[in-house]
Amino acid sequence: GFASAGGFNGSAIVHDFAFAVVGAGGKANVLPEDALGSHAIAFSSVSKNTPLYAFGYPQAASFNRDLTYCAGGAGFDSRLGKATYQLGCSMTGGASGGPWYGTFDESAGSGIATSVNSYRYSGGDAMYGPKFNSTTSAVFAAALAATGNTIVGG
């Protein structure tokens, strides 16, 4: 859906996610998720005001490309008919692709991925991300079935 949208528009934004197929590599018999860590993924809708945590490496000087996160209640982009999530967040360019967790344990540093940083409006104070849904699940399943390897999201 993203590649055929003809540009970064409303059609592309709802499909602004990707999964990379990675092989075992490194030490014999060590899976990438064991060596690097991993998080679960959810393909169901998040309700309004559900706590969300968005992570990224924004590039603006005030952030210095450090790992940054925003937390708050889920909202929806009314300009796109509520087709994507909204989260109050000041992260800038460079944060794109960072994960959003709908269930997050701050003490353990782990959660369930439910979206990714996708876009923000100029002068705005929110980040927006696609809803992981049945389409996202189908892309994930196709990538997994095509290789039998570990899948890494982004």
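**Exercise 1. Work out the strand order of the five-stranded open sheet and find its edges.**

Step 1. Start with what you're looking at: this is a predicted model, where local features need pLDDT of at least 70, side-chain atom pairs count only at pLDDT 80 or more, and totals for chains, interfaces and linings use all residues. Residues are numbered from 1 along each chain as its sequence is written, and side-chain values use heavy atoms, with hydrogens and water left out.

Step 2. Pick out the strands (DSSP runs of E, at least two residues, numbered from the N terminus; helices are runs of H or I, at least four residues). Two strands pair if DSSP finds at least two bridges between them.

Step 3. Read across the sheet: the order is β2-β8-β7-β3-β4, and the pairing is mixed. The edges are β2 (40-41) and β4 (68-73), each with a single partner strand, so one side of each has no neighbour in the sheet.

Step 4. Now look at β3 (residues 51-56). Two bridges tie β3 to β7 (residues 99-105), and these two run antiparallel. Tyr-53 stands opposite Tyr-101 in β7. On the other pairing, β3 and β4 are antiparallel with six bridges, and Pro-51 has Gly-73 in β4 as its bridge partner.

**Exercise 2. Is β3 mostly covered or uncovered?**

Step 1. Set the cut-offs: buried means under 20% relative accessible area, exposed over 50%, and partly exposed in between (1.4 Å probe, protein chains only).

Step 2. Count along the strand: five of the six residues of β3 are buried, so mostly covered is the answer.

Step 3. For the wider picture, 32% of the 154 residues of the protein chain count as buried.

**Exercise 3. Place Thr-114 and Thr-68 in the fold, and list what each one touches.**

Step 1. Thr-114 belongs to strand β8 (residues 110-116). With a relative accessible area of 3%, Thr-114 is buried.

Step 2. Use contact to mean heavy atoms within 4.5 Å. Setting aside neighbours within four places in sequence, the contacts of Thr-114 include Leu-52, Tyr-85, Trp-100, Tyr-101 and Phe-132.

Step 3. Thr-68 sits in strand β4. Thr-68 also counts as buried, at 15% relative accessibility.

Step 4. Again leaving out neighbours within four places in sequence, Thr-68 is in contact with Ala-54, Phe-55, Gly-56, Pro-58, Phe-63 and Met-91. The C-alpha atoms of Thr-68 and Ser-90 are 9.8 Å apart, with their positions 22 residues apart along the chain.

**Exercise 4. Which residues of the largest nonpolar core touch the most other members?**

Step 1. A nonpolar core is a set of buried Ala, Val, Leu, Ile, Met, Phe, Trp, Tyr and Cys residues joined through side-chain atoms within 4.5 Å. In soluble globular proteins, nonpolar side chains tend to be buried together.

Step 2. The largest core has 13 residues, and Leu-52, Leu-87, Met-91, Trp-100 and Met-127 touch the most other members. At least two residues of this core come from each of β3 and β6 (84-88).

Step 3. There's a second, separate core of nine residues, which includes Tyr-53, Phe-55, Tyr-101 and Phe-132.

Step 4. Zoom in on Leu-87: beyond four places in sequence, its contacts include Leu-52, Cys-70, Trp-100 and Met-127.

**Exercise 5. Find the order of the three-stranded open sheet.**

Step 1. The order is β5-β6-β9, with antiparallel pairing. The edges are β5 (75-76) and β9 (126-130), each with a single partner strand, so one side of each lacks a neighbour in the sheet.

Step 2. Check the pairing of β6 with β9: five bridges join them. Gly-88 has Ala-126 in β9 as its bridge partner.

**Exercise 6. How many aromatic pairs are there?**

Step 1. Rings of Phe, Tyr and Trp (its six-membered ring) pair if their centres lie within 6.5 Å; planes under 30 degrees apart are stacked, over 60 edge-to-face, and the rest tilted.

Step 2. The count is 16 aromatic pairs. One of them is Tyr-101 with Phe-104, stacked at 5.5 Å centre to centre with 20° between the planes. Both of these residues, Tyr-101 and Phe-104, are buried.

Step 3. Phe-2, Phe-8, Tyr-119, Tyr-121 and Tyr-128 make up one aromatic cluster.
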